Amino acid sequence: MTQKRYHADWSSIKTHEVPEWYEDAKFGIFIHWGIYSVPAFAPPTCQLGEIDVDEEWFCNNPYAEWYSNSINVKKGPTYEHHIKTYGEDFTYDQFIPQWKAEKWQPDQWAELFAQAGAKYVVLTTKHHDGFCLYPSKYTDFNCTQDGPKRDLMGELTEEVRNKGLRMGAYYSGIIDWQYASDPIFTESQNFSNACPTYEYADFAYKQVIELIDRYKPDVLWNDIGWPKAGEHMLPHLFAHYYNTVAEGVVDDRWNKLWCDFTSKEYKYGTASRDKKWEMCRGMGLSFGYNQVEDESHLISVKDLVTLLVETVSDNGNLLLNIGPKADGTIPEEQAERLLALGQWLKVNGEGIYGSKCSRHLTHTEQDVTYYHTKVGEDLYFFLDGLKEGKNELPLALFGEVEALNPELQFSVETTQNGRVLHIDNYQTDWYILGFKIKEGEK
């Protein structure tokens, strides 16, 4: 079949449809890795969306990848830590020689992601500090000239695709502190403090085209926004992307001009059963590795499974972030959570991957939450909040019930008051139980 061609005008771009692979994938891995992984510090304050994004947030920023700005505002816990630990004259760029990635083995990363059940990976190719994780011909401020002295994006892309996973590229479009480094105190300053020049807009455009041509990323994930001076170039950028990557997708952080999917970050943003969306968050309160975070700040395996099921049942994908250490190792507590989620997906994945929203909405009965998905004509339901051992629950669904966990002992009874699901041997380390009703969505 001849590939559809897109033209550099909005009417053509807006005919693009979300490809099946992205609809079906449900789970991806986000990776924030950079110079900021060396100091690896941020106060574990709160989740994005819990408070107004004002000066209180940016001077107490829990995102370790914002370290450069957090010392640039010259107040707050990160600034105080920096002065105490490194001294007032120690600049952000002086961390670069310490980022060596000396223990990095991209094949082991890719294997871990595959075991976790992820179907795609998105790497930060350039975060707000402007340092590129690939050999850009438009700047020497990149990982082949300084720091690791390796093409991080290139090596990881090869290994990820060798495992049969899709590979995407994150890019910080509107913010680049190499071009404009005024401290950011408020959300609006993400845009007002950004470099306003056509020179930077051209630089960002050329770098994204470079990423498209070099790596053909399956996901093009721009962050925060796009240079206002370059908005007129976006139809050209999207046309080139879709014509180069036939099954590519873009997020919604392009000044709200176009997207294939919308995004939610921690508690900021909304879910939609009508429009494809993606939930992104870190294992803890930061995306970049934060040495301050401990088990009390990290999402539990139980809550992680719940987040995945809740997201998928409402038409979303989960993009779960890992924050590697500067030496290229993934913290053990993060790897453990990935593997645990992978084990759950091995048992329950048939009701997750390739699923769509069911007509049955999420609801709670007797403190147990019922989530629903459908795959073709088959209905799946997932029970969250069960207690150890025996459970008796109302079941307002018809058809023969199959348990996805072969170890589960259960029965369905029809009574005067309706059907009752009897569960005999629930174990808490099963987390959420999945069930199938064949052709139950008809």
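Below, a student and a tutor discuss a predicted model of one chain.

Student: What makes the chain as compact as a globular protein of its length?

Tutor: Start with the secondary structure: twelve helices and 17 strands. The radius of gyration is 23 Å, and the globule rule gives 22 Å for 442 residues. The two values are close, so the chain is as compact as a globular protein of that length. The C-alpha atoms fill a box of roughly 75 × 55 × 40 Å along the principal axes.

Student: What share of the residues counts as buried?

Tutor: The cut-off is under 20% relative accessible area. Of the 442 residues, 59% count as buried.

Student: Why is helix H10 called mostly covered?

Tutor: H10 spans residues 234-244, and eight of its eleven residues are buried. Among them are Leu234, Leu237, Phe238 and Tyr241. Pro235, Ala239, Tyr242 and Asn243 are buried too.

Student: What covers the buried residues of H10?

Tutor: The cover includes two helices, H1 (10-13) and H9 (198-215). Strands S4 (219-223) and S5 (249-250) also belong to it. Contact here means heavy atoms within 4.5 Å.

Student: How do you know what share of the contacts joins residues at least 24 apart?

Tutor: Take the contacts between residues at least 6 apart in sequence. Of these, 70% join residues at least 24 apart.

Student: What does the chain expose, and where do the charges lie on average?

Tutor: About 18300 Å² is exposed, with carbon and sulfur atoms supplying 46% of that area. There are 42 positive and 68 negative charges, and their mean positions are 4 Å apart.

Terms used: Residues numbered from 1 in each chain as written. Predicted model: local features only at pLDDT ≥ 70, side-chain atom pairs only at ≥ 80, totals over all residues. Heavy atoms only, no water. Helix = DSSP H or I, 4+ residues; strand = E, 2+ residues; numbered from the N terminus. Rg over C-alpha atoms; globule rule 2.2 N^0.38 Å. Buried < 20%, exposed > 50% of the residue type's maximum accessible area, 1.4 Å probe, protein only. Areas by Shrake-Rupley, 256 points an atom, 1.4 Å probe, with all protein chains shown as cover. Lys, Arg positive; Asp, Glu negative; His and termini not counted. Charge placed at Lys NZ, Arg CZ, Asp CG, Glu CD.
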